[in-house]
Amino acid sequence: MASSPSPFTLSFSSSISSTSLLPCRRSFILPIPRGRATSFTVQSKIREIFMPALSSTMTEGKIVSWIKSEGETLSKGESVVVVESDKADMDVETFYDGILAAIVVPDGETAPVGAPIALLAETEEEVAEAKAKAAKSSQSQSSAPPPQPANPAPAISQPSPPPPPPPSAAASDGPKKTVATPQAKKLAKQHKVDLASLAGTGPFGRITPADVETAAGIAPSKSSPAPAAPAPASSAPPKAAAAGAVKPKGVTMTAILAKAAAMALVQHPVVNASCKDGKNFAYNSNINIAVAVAINGGLITPVLQDADKLDLYLLSQKWKELVNKARGKQLQPNEYNSGTFTLSNLGMFGVDRFDAILPPGQGAIMAVGASKPTVEADATGFFKVKNKMLVNVTADHRIIYGADLAAFLQTFSKIIENPDSLTL
């Protein structure tokens with residue numbers, strides 16, 4: 001008998017084999033995605049971008065906005081779409097190079113976890129084939145007749161129940177209930193914003209993170225009028241203009257890992273130490289997380305400076321800007337050579353484990369592998385299927401001892417197990 005998986009649970013490995021783990025290697029568990037839908041039958045060179053499971057309780061996701069458009073060429077690890085889950089908005093990255101051939105689920109619509117939301121073609125010749133498959137699937141779904149009631153006549157003769165009272169009347173009889181997303185509540189607490197004073201712009205008046213950021217003065221106001229002529233009386237154009245003025249929301253996994261590492265380094269400053277010339281060692285006062293990025297012609301490590309002091313959303317926005325500048329070869333020297341700790345994530349490429357090479361002058365580098373489903377038994381004898389991700393650290397042993405790394409990884413794992421602390 002199986003019980004439901006608990007997200008972000010850490011486990012220690014005590015067995016030693018011929019390919020034994022390093023003493024400082026730790027692993028953490030991510031929730032396993034739901035079963036993938038089989039709406040499309042695709043060939044090997046036409047791949048699906050499917051709705052991911054961003055949390056253990058997520059059953060469906062809403063497309064907030066597509067970052068890329070049909071016909072654009074994508075690179076591995078590049079953000080493609082922003083998805084709203086039951087907990088937060090997050091960027092979904094592509095695992096393959098290719099062309100975004102067809103968008104199956106447009107902006108504003110929802111899809112179950114595992115359902116295809118877009119098709120990715122490998123060459124220009126396969127774009128038309130991918131579009132045909134998407135159109136064929138859409139036609140097959142729309143051609144199905146809607147279910148008819150078994151006995152419509154009695155339903156017509158029966159009087160219809162009285163309509164429910166309007167929301168405004170119900171709200172006037174008692175205190176107003178504030179509805180906000182979890183991320184919005186956390187931001188409101190962080191920036192000391194009264195949620196009761198806000199008017200939500202989300203579905204059914206729900207308060208979104210953008211509403212809180214606008215009230216806190218860290219995002220452009222959606223309701224600020226443009227300097228052009230007055231808008232028409234219709235309410236549709238102002239909404240469209242406001243939506244176009246906002247940048248796409250979302251937090252990448254890279255930003256989450258960088259933020260968690262920075263918070264752990266605050267408690268273990270020895271892991272943030274460096275050795276520039278092989279003789280003199282220094283404890284850095286700033287925590288600058290360098291993240292390896294593959295570009296044409298090699299590798300570069302854009303640096304998230306003072307990562308421990310930045311809000312998670314702002315950190316993610318900063319990371320997107322750095323990646324764009326890196327691919328455009330516009331990084332300044334201090335934006336790629338000022339790192340005090342390096343993060344290398346090859347999990348997006350399907351690599352489950354690897355040892356990262358320590359950059360010259362730094363004390364440690366973290367290697368993050370891909371998550372894979374693993375069957376485990378708990379203390380009560382119940383079996384669980386969880387996704388396990390291996391994380392290990394390579395360090396300069398002249399500065400950092402194994403016990404220091406073990407303590408750092410233990411703190412890092414606790415932060416990942418309790419992701420709420422990332423937004424405080």
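Modeller: Before we start, contact here means heavy atoms within 4.5 Å. Keep in mind that this is a predicted model.

Colleague: Okay, so what does Phe-408 touch?

Modeller: Leaving out residues up to four places away in sequence, Phe-408 touches Ala-261, Ala-264, Leu-265, His-268, Val-271, Phe-341, Met-366 and Val-393. Phe-408 is also one of the residues that touch the most other members of the largest nonpolar core, along with Ile-289, Phe-341, Met-366 and Phe-412. That core has 45 residues.

Colleague: What makes it a nonpolar core?

Modeller: The members have to be buried residues of kinds such as Ala, Leu, Met and Phe, joined through side-chain atoms within 4.5 Å. Elements giving two or more residues to this one include helix H7 (253–267), strand S17 (341–345), strand S18 (364–377) and helix H9 (402–417). The largest share, nine residues, comes from H7.

Colleague: And which residues are in the second core?

Modeller: That one is separate and has 19 residues, among them Met-58, Leu-100, Ile-117 and Leu-120.

Colleague: Back to helix H9, where Thr-411 is found. Why is Thr-411 called buried?

Modeller: Buried means under 20% relative accessible area. Thr-411 has 12% relative accessibility, so it counts as buried.

Colleague: What is Thr-411 in contact with?

Modeller: Setting aside neighbours within four places in sequence, Thr-411 is in contact with Ala-264, Gln-267 and His-268. Ala-264 and His-268 also turn up among the residues that Phe-408 touches.

Colleague: Now the sheet. What makes S3 and S5 edge strands?

Modeller: Four strands form an open sheet in the order S3-S10-S8-S5, with antiparallel pairing. Strand S3 (46–50) and strand S5 (73–74) each pair on one side only, and they are the edge strands.

Colleague: How do you know that S5 and S8 pair?

Modeller: Pairing takes at least two bridges between the strands. S5 and S8 have two bridges, in the antiparallel sense. Thr-73, for instance, has Ile-99 in S8 as bridge partner.

Colleague: And how many bridges join S8 and S10?

Modeller: Strand S8 (residues 98–103) and strand S10 (residues 116–121) pair over four bridges, also in the antiparallel sense. Ala-102 has Leu-119 in S10 as bridge partner, and Ile-103 stands opposite Ala-118 in S10.

Colleague: Why is S8 described as largely enclosed?

Modeller: Five of the six residues of S8 are buried, so S8 is largely enclosed by the rest of the structure.

Note on methods
Residues numbered from 1 in each chain as written. Predicted model: local features only at pLDDT ≥ 70, side-chain atom pairs only at ≥ 80, totals over all residues. Heavy atoms only, no water. Buried < 20%, exposed > 50% of the residue type's maximum accessible area, 1.4 Å probe, protein only.
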